[in-house]
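Colleague: Could you take me through one part of this model in some detail? I would like to look at a place where two helices pack against each other.

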Amino acid sequence: MFIDLRSDTVTRPTAGMRAAMTAAEVGDDVFDEDPTVNRLQEQLAALLGKEAALYVSSGTMSNQICVKAHTQPGDELLCDASCHIYNYEQGGAAVLSGVTCRTVEGDYGILDVSQLEDKIRPDNEHLVRTRLVCLENTHNRGGGKVYPLEKIQAISAWARANGLALHLDGARLWNAIVATGIPACEWARPFDTVSVCFSKGLGAPIGSALAGPRDFVARARRVRKLFGGGMRQAGVVAAGALYALENHVERLTEDHRNAQVLARAVADTPGLRLVPPKVETNLVWFWIDPELGTAKTVAGALKEHGVRVHPAGPQTLRACTHLDVSAAQAERAAEIIRQTVSHLAPVKA
Ligand SMILES: Cc1ncc(COP(=O)(O)O)c(C=O)c1O
């Protein structure tokens with residue numbers, strides 16, 4: 001049995017979640033008649049302080065629906081260079097919406113409004129139209145960093161003053177909520193639209209949702225159908241998401257505590273370096289000295305000792321705590337990291 005730290009998406013539904021899914025009342029959601037999906041959407045919209053919400057199959061679909069519903073072909077969006085929307089969605093903004101991405105180098109994914117202020121294209125027939133700004137909180141490639149709320153508020157005020165829409169990829173917004181104590185609606189207020197995932201830290205098997213103004217969500221619903229994302233008796237899976245929302249948010253503090261245990265092991269082990277140096281939530285990103293091998297070889301060595309981590313770059317590994325990693329397993333994984341890496345012989349040049 002591996003201690004699987006590759007991602008917070010590897011969790012299995014708990015017995016309580018499966019029971020809720022089995023008992024779910026369902027209907028045809030394309031007819032808008034699934035009571036469980038409707039309850040999830042209403043509950044989420046209320047939690048985020050938005051007029052409406054829409055359940056969709058994945059975080060990628062949620063983000064890409066929002067990009068399309070905010071833009072026209074020939075528009076441009078601004079985002080951090082390491083964000084998910086730009087790096088890990090197959091160029092969906094270009095493929096699905098005819099939108100270019102203009103990237104800005106963030107500080108572990110965090111942008112300051114001063115970096116954006118000169119990025120709006122003038123009204124000129126040679127140029128794309130700057131239309132949308134996308135932020136990510138917590139930031140995956142930024143090492144699970146929480147976006148400082150005041151930075152978001154400053155970007156939001158600037159975006160509104162300049163007629164730009166602001167979208168949040170909040171796949172792990174739940175982790176930011178628990179790490180800071182700032183409620184969901186405070187985090188969501190500066191944004192026009194927010195995407196959240198139930199299938200990451202919250203441990204549901206399937207599903208994400210977007211939230212925003214009622215007319216936007218009506219447009220998003222049309223785009224969901226265009227993308228082939230209309231689901232029928234989706235209440236079966238939405239019940240897992242509802243269960244997760246009601247039962248698995250507060251417990252994310254355990255994942256954050258367990259991530260600190262892993263972070264200490266990484267910080268103590270010669271040849272490993274935390275990037276960023278401070279772990280704030282459930283993601284532990286670290287760099288490996290090439291003298292010890294590559295991300296792949298070190299991941300292979302850890303796997304032989306029962307710990308799975310994700311090689312996220314040539315010298316970069318990601319370890320992620322989640323619902324299916326207990327405190328005892330985090331301690332054990334930390335010890336395995338210490339022992340395994342300290343026994344790796346330097347690679348001969
Ligand atoms: C920050 C972020 N946004 C969006 C997604 C996409 O979610 P999905 O895998 O459900 O498409 C991920 C997936 O890991 C993510 O980390």
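Modeller: Happy to; here is the setting, followed by the helix pair itself. Please keep in mind that this is a predicted model. The protein has 14 helices and 13 strands, and its C-alpha atoms fill a box of roughly 60 × 55 × 35 Å along the principal axes. Its radius of gyration is 21 Å, which agrees with the value near 20 Å for a compact globule of 349 residues. Of those 349 residues, 55% count as buried. Among contacts with a separation of 6 or more, 75% are between residues 24 or more positions apart.

Now to the pair I would pick. Two packed helices are described by the angle between their axes and the distance between the axes. Helix 1 covers residues 15-22 and helix 11 covers residues 235-247; their axes come within 8 Å and cross at roughly 140°. Since angles have to be over 145 degrees to count as roughly antiparallel, helix 1 is therefore oblique to helix 11. As for handedness, the crossing of these two helices is right-handed.

If you zoom in on the side of helix 1, the residues to display are Gly16, Met17, Ala20 and Met21. Their partners in helix 11 are Val236, Val237, Ala239, Gly240, Tyr243 and Ala244. Sorted by character, the residues of this contact come out as eight nonpolar and two polar, with no charged residue. Glycine counts as polar here, and each helix brings one to the contact: Gly16 in helix 1 and Gly240 in helix 11.

Key. Residues numbered from 1 in each chain as written. Predicted model: local features only at pLDDT ≥ 70, side-chain atom pairs only at ≥ 80, totals over all residues. Heavy atoms only, no water. Axes fitted to C-alpha atoms, helices over the stretch in contact; angles between N-to-C directions. Helix = DSSP H or I, 4+ residues; strand = E, 2+ residues; numbered from the N terminus. Parallel < 35°, antiparallel > 145°, perpendicular 65-115°, else oblique. Left-handed = near helix turned anticlockwise from the far one by under 90°. Contact = heavy atoms within 4.5 Å. Rg over C-alpha atoms; globule rule 2.2 N^0.38 Å. Buried < 20%, exposed > 50% of the residue type's maximum accessible area, 1.4 Å probe, protein only.
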